[in-house]
Structure formats: C-alpha cells, structure tokens
Amino acid sequence: MFERRPLIAGNWKMNLSIKDAVALIDGIAAGINDIEGVDVLVAPPFTTIASIRKAIGNSKIFLAAQNMHNEMSGAFTGEVSGRMIQEAGCTHVILGHSERRALFHETSQVIDLKVKAAAVLGLIPIVCIGETLEERESGKTFDVIRQQLDESLMNFIVDQLMLPSTILAYEPVWAIGTGKTATPDQAQEVHGFIRNWIEKTFKTGTANQVRILYGGSVKADNIAELMAKPDIDGALVGGASLKAESFVPIIRF
Ligand code: PGA
C-alpha cells in the first residue's frame, strides 16, 4: 500500500497576537523536535505570517495561509493574493473552509478559481469540504460532498490532473467548534467516499497519494482512533491548535 505521511495542521483562525503566536510556535517546535514521521503545519492570520516564518526558522513546521484571492494582483481592496502569501513564506493555503463558505459567501466556483491559482503558483491547496447537520440528517451527505468535489476541483477535472500533493480536508460543519466529533466510522465512511471519487475521476493512481484530513473538534483524546482509520491521513485542528499543551499531544498521537 502507498504510504501517506500523516499531517497535523493547526488552523488558528482569527486568533493570537504576534507575540502569542510566536510563543506558540516556540512551544510547538520544542514539543516535536524528537519525533519523525509526521508533518506539522500551522495556518496563522495574514498579519502574523511573516513573524511566524521567522520564528519557525529551521524547525520542520509548514506554513499556510487561511485564504487567498484567485487573482495575482489588482484592484481587489482588502484581499491578499497567492503570490503575496508565498512571498511571506507560505507553502500551503487553506481554501474553502466552511466558515469562508458560510460567513463570506464563497461558492465552490470561487474556490475552484483559487485552487487553480494556487496550483499555478506551486502553493499546495488544502481544500475543505463538508456537510451541515441538516444535510446529514436528511441523508444528503454524499450528494453534498460529491457536488463540492465536482465544483471546487472543476479545473483539475477539466485538465484531468489532480496533483498528488493536493490535500483535502473533510470537515463536517456540525463538528466544527462544537465539541461533537464525527465518530471514526462516520469519518472513515466519508473519507473512503472521497478517495473513491478521486480514483474514479482521475484514474491515475493519485487517489492513493492525496492526503485527506479530518477536521471538527479534534483533540488529543480522539486523534488516535481517527488516525487508525485507513483513509484518514491527518487532522485540521482549530480550537485545540491554539495552545502547545493541546496541539503537541495531537501531533504526538
Ligand atoms: P475545531 O475547528 O477543531 O475548533 O472544531 C476545525 C476547523 O475549523 O478547521
């Protein structure tokens, strides 16, 4: 079987001052310096990215932005481009987080443009998908996931090329920040569906290489059982990534 390296990613959302963020990086770096075999990533707010890049130094922590615009530059007041986040030191970018979709009206079509722009720049996209509680309860989970994949990755489908470095994150909206985690079986069911979708859509063996993260109330006490599932390759962690005491034990699962 193809070995996918586990990835534990922290999404700091709109939290932490520069000082607190740098202290957190120091705490994470100290907490992981003796372990191997797992990738670690943090996604700080735009204004702290440059300071975090410096604080990371030579420690092995990947840096992502939480969003970007699909255009490279221009009259887009309040927006930040992929080139800009790359210049600031990011190698990855989270795209289509459910908070972007729900609170900032980002459609899968817009996310698709961003995914394409990231790929052009060589930024690795972490593309988020997930159903709401209402969608799950009305039995629409797989339809919603399929549609989000079809639309958010449209450019990849048209080109018949999904870079194996692409990362997907399954985040059931009802599990984000709620303390309710999908059970490992519920998560695996959707992760398996997603991998199967990649396999059917691209027919290239990419499906075995793409990492699919689970997100939604991941904590130290539920990470191991999630990671034991065959199609769960890591986690996108919100609340528990804001303190080294809660994030490091997740990385060391
Ligand atoms: P949470 O957030 O871990 O606080 O539920 C996850 C996310 O939104 O990525």
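**Entry 1: R136**

I began with R136 and found this residue in helix α6, which covers residues 133-137. The model I am reading is a predicted one. I then looked up the polar partner of the R136 side chain, and it is the side chain of Y170, at 3.3 Å. Leaving aside residues up to four places away in sequence, I listed what R136 touches: E131, T141, Y170, W174, Q186 and V190. Y170 thus appears in my notes both as a polar contact of R136 and in the list of residues that R136 touches.

**Entry 2: the ligand**

I next turned to the ligand. Which residues come nearest to the ligand? Of the 13 residues around the ligand, I noted K13, H97, E171, G177 and S217 as the nearest. By class, I recorded 4 nonpolar, 7 polar and 2 charged residues in this shell.

I then looked up individual distances to oxygen atoms of the ligand. For H97, an N or O atom of the side chain is 2.7 Å from a ligand oxygen. For G238, I found a backbone N or O atom at 2.8 Å from an oxygen atom of the ligand. For G239, a polar backbone atom is likewise listed, 2.8 Å from an oxygen atom of the ligand. How much of the ligand does the protein bury? I noted that the ligand taken alone exposes 290 Å², and that the protein buries 95% of this area.

**Entry 3: the loop between β1 and α1**

K13, which I had listed among the residues nearest the ligand, is found in the loop between β1 (7-11) and α1. I checked the backbone of K13 and recorded a positive phi of about 50°, although K13 is not a glycine. L16 is also found in the loop between β1 and α1. For L16 I noted a positive phi of about 80°, and L16 is not a glycine either.

**Entry 4: helices α1 and α11**

From this loop I moved on to helix α1, residues 18-32, and its packing with helix α11, residues 244-251. At what angle do α1 and α11 pack? I recorded an angle of about 35°, with the axes 9 Å apart. I entered the crossing of α1 and α11 as right-handed.

I then listed the residues that meet. On the α1 side I found L24, G27, I28, G31 and I32, and on the α11 side A244, F247, V248 and I251. By class, I counted 7 nonpolar and 2 polar residues in the contact of α1 with α11, and no charged residues.

Notes
Residues are numbered from 1 along each chain as its sequence is written. This is a predicted model: local features need pLDDT of at least 70, side-chain atom pairs count only at pLDDT 80 or more; totals for chains, interfaces and linings use all residues. Side-chain values use heavy atoms; hydrogens and water are left out. Axes are lines fitted to C-alpha atoms, for helices over the stretch in contact, and angles run from 0 to 180 degrees between N-to-C directions. Helices (H or I, at least four residues) and strands (E, at least two) are DSSP runs, numbered from the N terminus. A crossing is left-handed if the near helix is turned anticlockwise from the far one by less than a right angle, and right-handed if clockwise. Contact means heavy atoms within 4.5 Å. Ala, Val, Leu, Ile, Met, Phe, Trp, Tyr, Cys and Pro count as nonpolar, Asp, Glu, Lys and Arg as charged, and the others, Gly among them, as polar. A residue is near a molecule or strand if one of its heavy atoms lies within 4 Å of it. A polar contact is a pair of N or O atoms within 3.5 Å; within protein, one must be able to donate a hydrogen and the other to accept it, and residues adjacent in sequence count only if both atoms are side-chain atoms. Accessible areas come from the Shrake-Rupley method with a 1.4 Å probe; for residues, only the protein chains shown count as cover.
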